[in-house]
Amino acid sequence: MKQKGRREPEPLEKPSAGTDAERSKEKTAGLLFLAVLFSLVFWNSYWFLSKFLLLFVIFYVIYVVSKSRS
C-alpha cells in the first residue's frame, strides 16, 4: 500500500572502482602522449613563436603608448 506523497527509494548503482581507475590511467596516458607529440611537433618552431610574441609585445606597447598620448 502506497502512501500519498512518499516515494520508494530507488536502488543505488554501485560504481565500480576498477573502471574509474582504468579511465584515470588512460586519460593520464593520453595527455602524456599529446604533450610529447606537441613538443616534438613544435620543437623547431619554438624560436619562431617566441620571436613572433616579442614582436607582438613591442607593437602592443607602441600602440598603448601612442593611444595614451593622444
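Colleague: In which helix does L49 lie?

Modeller: L49 lies in helix 2, where helices (H or I, at least four residues) and strands (E, at least two) are DSSP runs numbered from the N terminus. This is a predicted model, in which local features need pLDDT of at least 70, side-chain atom pairs count only at pLDDT 80 or more, and totals for chains, interfaces and linings use all residues. Residues are numbered from 1 along each chain as its sequence is written, and side-chain values use heavy atoms, with hydrogens and water left out.

Colleague: How many helices and strands does the protein chain have?

Modeller: The protein chain has two helices and zero strands.

Colleague: Is L49 buried, partly exposed or exposed?

Modeller: L49 counts as partly exposed because its relative accessibility is 41%, given that buried means under 20% relative accessible area, exposed over 50% and partly exposed in between (1.4 Å probe, protein chains only). Of the 70 residues of the protein chain, 0% count as buried.

Colleague: Which residues form the nonpolar patch on the surface?

Modeller: Patches are made of residues with over 30% relative accessible area and no salt bridge (a side-chain nitrogen of Lys or Arg within 4 Å of a carboxyl oxygen of Asp or Glu), with nonpolar side chains (Val, Leu, Ile, Met, Phe, Trp, Tyr) joined within 5 Å and like charges within 9 Å. Here the nonpolar patch is formed by L31, F33, L34, L37, F38, V41, F42, F48 and L49, which together have about 950 Å² of accessible area, a value from the Shrake-Rupley method with a 1.4 Å probe, for which only the protein chains shown count as cover for residues. Helix 1 (17-42) and helix 2 are the elements that give two or more residues to this patch, and helix 1 gives the most, with seven residues.

Colleague: Which aromatic pair does the structure hold, and how is it arranged?

Modeller: Rings of Phe, Tyr and Trp (its six-membered ring) pair if their centres lie within 6.5 Å, and planes under 30 degrees apart count as stacked, over 60 as edge-to-face and the rest as tilted. The structure holds one aromatic pair: F56 and Y60 are stacked, 6.3 Å centre to centre with 15 degrees between the planes. Both residues lie in helix 2 (residues 46-69), four residues apart, about one turn of the helix.
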